[in-house]
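Dear colleague,

I am handing over the structure we spoke about, and I would be glad if you could look through it alongside the notes that follow.

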Amino acid sequence: MHKIIYDTDPGVDDAMALLFLHRHPNIDLLGVTTVFGNASVDTTTRNALFLKREWNIPCPVARGASVTFDPSRKERPWPTYVHGHNGLGDVEVPATIDLPTDPRPAYQFIIDTVRANPGEVTLVAVGRMTNLALALKHDPEIAKLVKDVVIMGGNFYVPGNVTPVAEANIHGDPEAADAVLTASWKVVVVGLDVTAITTMSRSYLADMAKAGGPSVQLLSDLSQSYIDFYSHAVDDGMMVHDSCACVYVVAPELFDTIEGSVRVVCGGIADGQTIVKQNGRRFPPSEWDNLPSQIVCTGIRSKAVIDLIRDVILGKVNH
């Protein structure tokens, strides 16, 4: 069993990934931690509680960061044109959900859960990396106790999606991302190099909803405006960014990877750019030296990934 904490800012593709994690027979979802990004942390936490209720997800939800790791950074407007004003494609979501959150802030939930399960917890982070950076800041020792970290973020050999060089999750909190990528735990970076070519069509999702009943119909409903948003890049479908990171946990063989130290540009016109110094490449001394070697995804079997997402969500995958 993979013990997972899912750090997320729901978010449309975050919702699909959550249902995947909840329904995969080899995943033990220990908790959901929320972060600001696709909407305010109030909204993303409400959305996590809404999905927990609708999909009968038993794990706790812990509310996380509402501002960047470096609090002097200016907040940008929420990407309502991508995820809707309520973060879930503007489907009907109650203003409040009558479920409690865990009393601890997300970073403390991460610290406590990792310490209770040393060497066993995978952190899957698909929003800004703020909660993970805060957990490292408050308890640096957890880097040695986490099994591994899988993040959805970054771009290496393809353009960014919020600037020519930066991907949204990293661009939203570059200092946090740099702290996470240079810490002494093992990080797998699942970025736009693989997620931007992994798309699910509207009809494929509709067929899933038909087979999957009300829970999958909800997923389809909240994804419709997201698919509309992607009309500039995808032929009647959507990129399933966050689910790709979750698939890596259970099926890493569907990805091609390289390894090397990774840094994030903080400030200037390349703010949020992720840059890997691949192992074996020789350069003069630089800011990439003497850092942990991380795993960067550069290739993907997209159809196999999409089919696995479908099969898990429809309950067709056994232990």
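The notes below take up a pair of helices and then a single asparagine.

Please keep in mind throughout that this is a predicted model.

Two packed helices are described by the angle between their axes and the distance between the axes. For helix α10, which covers residues 202–212, and helix α11, which covers residues 214–229, the axes come within 7 Å and cross at roughly 165°. Because an angle over 145 degrees counts as roughly antiparallel, α10 is roughly antiparallel to α11. The crossing of these two helices, α10 and α11, is left-handed. On the α10 side the contact is made by Arg202, Leu205, Met208, Ala209 and Gly212, while α11 contributes Pro214, Ser215, Val216, Gln217, Ser220, Ser223, Gln224, Ile227 and Asp228. Sorted by character, the residues in this contact of α10 with α11 comprise six nonpolar, six polar and two charged.

The other site is asparagine 38, which lies in the loop between β2 (27–34) and α2 (41–54). Asparagine 38 has a relative accessible area of 10% and is therefore buried, the cut-off being under 20%. Its side chain takes part in a polar contact of 3.1 Å with the side chain of aspartate 14, and in another, of 3.2 Å, with the side chain of histidine 83. When neighbours within four places in sequence are set aside, the residues in contact with asparagine 38 are Asp9, Gly11, Asp14, Trp78, Pro79 and His83.

With best regards

Terms used
Residues are numbered from 1 along each chain as its sequence is written. This is a predicted model: local features need pLDDT of at least 70, side-chain atom pairs count only at pLDDT 80 or more; totals for chains, interfaces and linings use all residues. Side-chain values use heavy atoms; hydrogens and water are left out. Axes are lines fitted to C-alpha atoms, for helices over the stretch in contact, and angles run from 0 to 180 degrees between N-to-C directions. Helices (H or I, at least four residues) and strands (E, at least two) are DSSP runs, numbered from the N terminus. Angles under 35 degrees count as roughly parallel, over 145 as roughly antiparallel, 65 to 115 as roughly perpendicular and the rest as oblique. A crossing is left-handed if the near helix is turned anticlockwise from the far one by less than a right angle, and right-handed if clockwise. Contact means heavy atoms within 4.5 Å. Ala, Val, Leu, Ile, Met, Phe, Trp, Tyr, Cys and Pro count as nonpolar, Asp, Glu, Lys and Arg as charged, and the others, Gly among them, as polar. Buried means under 20% relative accessible area, exposed over 50%, partly exposed in between (1.4 Å probe, protein chains only). A polar contact is a pair of N or O atoms within 3.5 Å; within protein, one must be able to donate a hydrogen and the other to accept it, and residues adjacent in sequence count only if both atoms are side-chain atoms.
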